[in-house]
Amino acid sequence: MGFVPSPDGSSSLSAPAPAAAAGSSPGSSSPAGPKAVGPKAVDKETTAGVLFGIAAYGLWGLLPLYFFVLMPAGAVEIVANRVVWSLLFCALLITVTRAWSALAQALRNRAVFGSLALAAFLIAVNWLTYTYGVTTGQAVEASLGYFINPLVSVLLGVFVLKEKLRPLQWAAVGIGFVAVGVLTYSYGKLPWIALTLAFSFGLYGFVKKRVGPRVDAVTSLSVETMVLAPFAAAIMIFLAATGTGTLTTQGPGHFWLLLASGVITAVPLLFFGASARRLPMTTIGLLQYCAPVLQFILALVVFREAMTVERWIGFGVVWLALAVLTVDMLGTARRNSVAKRAKRGI
């Protein structure tokens, strides 16, 4: 697939060519000048991209800790607050960056707005399911959803984009189906949390891929939260009126933690955007595994969730499928690189 969505919704589309990152310096008068500083500039951009990527996926991986300290707030209240305060934070960012014209243009474009409205629905399903999983002691299954998401992306390529899979991709998908069967047996039911997360996130990434070239990450998140904000605000008002909300009933610390959800939502997204602009798709594809690995470790070490032998086997089969998919991805990237060099006569 041509996209690698983040756990918070954005999707990387392409990385700048090394030549752009290593452009000539303003005062250079010698043709050799840019070539001399080029590799260092590329290395610096790559290092920055990796650090931004680790920061983004690291923060997403630690997100279960944030939901844990927000208890006794439930999933619906947490997501409603996340939407409302994210919208306010995005409004602040747009004001600081003077990007109101870009937002207005996105709202006027029916195709863009329609796509982002659909994306808003999908990410709302994703956020609710993930938060529910973490706050009800099912963080292990929630992490599984992001582990199998790359396999879902491959399936979307077949059924939606009519792509032809390479042999290793077919093998990875087949192993993934075996894994779901093993996990269904171990859980005694279909792992619906993991599957809902994987498919909602995969479809979300697909929608964002289509609209991505026409809207930046902050504008996209702003439109999505604008679509969801009326529903989120209504939920917050209802919870407050019925006395079931926790925003103002659990002390100032809880209040400010819920308000911080806007920053906690937007900052990793900005880090991811900075990483995606500097790194090739292959590197982004490898970095994305950081988030579910951290989520899985937290579920076992911090939340003390149980892992039976059958579940370990199921997760092992999933990781085998991902290993096959990663080998295919790296091999394809290497062949494409060699082909490009041969075409340029290097």
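A residue is called partly exposed when its relative accessible area lies between the 20% under which residues are buried and the 50% over which they are exposed. With that scale in hand, the predicted model shown above can be walked through from the whole chain to single residues.

The chain is built from 16 helices and two strands. Of its 346 residues, 47% count as buried. Contacts across the sequence are plentiful in the following sense: among those between residues at least 6 apart, 84% join residues at least 24 apart. The accessible surface of the chain comes to about 16700 Å², and carbon and sulfur atoms account for 70% of this area.

Salt bridges offer a convenient way into the fold, and the count comes to four. One of them is formed by the side chains of Glu 45 and Arg 278, at 3.6 Å from N to O. This pair links distant parts of the chain, 233 residues apart, with Glu 45 in helix H2 (residues 32–61) and Arg 278 in helix H13 (residues 261–278). Glu 45 has a relative accessible area of 28% and is therefore partly exposed. Arg 278, at 25% relative accessibility, also counts as partly exposed.

A second salt bridge brings together the side chains of Asp 328 and Arg 166, at 2.7 Å from N to O. Here too the pair links distant parts of the chain: Asp 328 belongs to helix H16 (residues 309–344), Arg 166 to the loop between helix H8 (149–159) and helix H9 (167–187), and 162 residues separate them. The two partners sit in unlike surroundings. Asp 328 counts as buried because its relative accessibility is 5%, whereas Arg 166, at 31%, counts as partly exposed.

Glu 224 and Lys 208 form another salt bridge, in which the closest N and O atoms are 3.2 Å apart. Glu 224 lies in helix H11 (residues 217–242) and Lys 208 in helix H10 (residues 192–211), so this bridge ties together parts that are 16 residues apart in sequence. Glu 224 is buried, with 1% relative accessibility. Lys 208 is buried as well, with a relative accessible area of 8%.

Helix H15 deserves a paragraph of its own. This helix covers residues 290–301, 12 residues in total, and reaches 16 Å from its first C-alpha to its last, close to the 16 Å expected at 1.5 Å a residue. Its buried residues are Ala 291, Pro 292, Gln 295, Phe 296, Leu 298 and Ala 299. These residues lie on the same side of H15, because they cover an arc of only 165° around the axis.

Some of these buried residues meet Ser 143, which is placed in helix H7 (residues 139–147). Leaving aside residues up to four places away in sequence, Ser 143 touches Pro 292, Gln 295, Phe 296 and Phe 315. Ser 143 itself counts as buried, since its relative accessibility is 0%.

H15 also takes part in the surface. A nonpolar patch there is formed by Leu 62, Leu 65, Val 293, Ile 297, Val 301 and Val 302, which together have about 450 Å² of accessible area. H15 gives the most to this patch, with three residues. Val 301, one of the patch residues, has its place in H15.

Finally, a few backbone details are worth a look in the loops. Met 71 and Pro 72 are joined by a cis peptide bond, with omega at about 20°. Pro 72 is found in the loop between helix H3 (63–69) and helix H4 (75–97). Arg 98 is not a glycine, yet has a positive phi of about 55°. This arginine, Arg 98, sits in the loop between H4 and helix H5 (100–108), and counts as exposed because its relative accessibility is 75%. A positive phi of about 55° is likewise found at Arg 304, again a residue that is not a glycine. Arg 304 lies in the loop between H15 and H16 and, at 68% relative accessibility, counts as exposed.

Key:
Residues are numbered from 1 along each chain as its sequence is written. This is a predicted model: local features need pLDDT of at least 70, side-chain atom pairs count only at pLDDT 80 or more; totals for chains, interfaces and linings use all residues. Side-chain values use heavy atoms; hydrogens and water are left out. Helices (H or I, at least four residues) and strands (E, at least two) are DSSP runs, numbered from the N terminus. The expected span of a helix is 1.5 Å times one less than its number of residues. Buried means under 20% relative accessible area, exposed over 50%, partly exposed in between (1.4 Å probe, protein chains only). The arc is that of the directions from the helix axis to the C-beta atoms. Contact means heavy atoms within 4.5 Å. Accessible areas come from the Shrake-Rupley method with a 1.4 Å probe; for residues, only the protein chains shown count as cover. Patches are made of residues with over 30% relative accessible area and no salt bridge: like charges are joined within 9 Å, nonpolar side chains (Val, Leu, Ile, Met, Phe, Trp, Tyr) within 5 Å.
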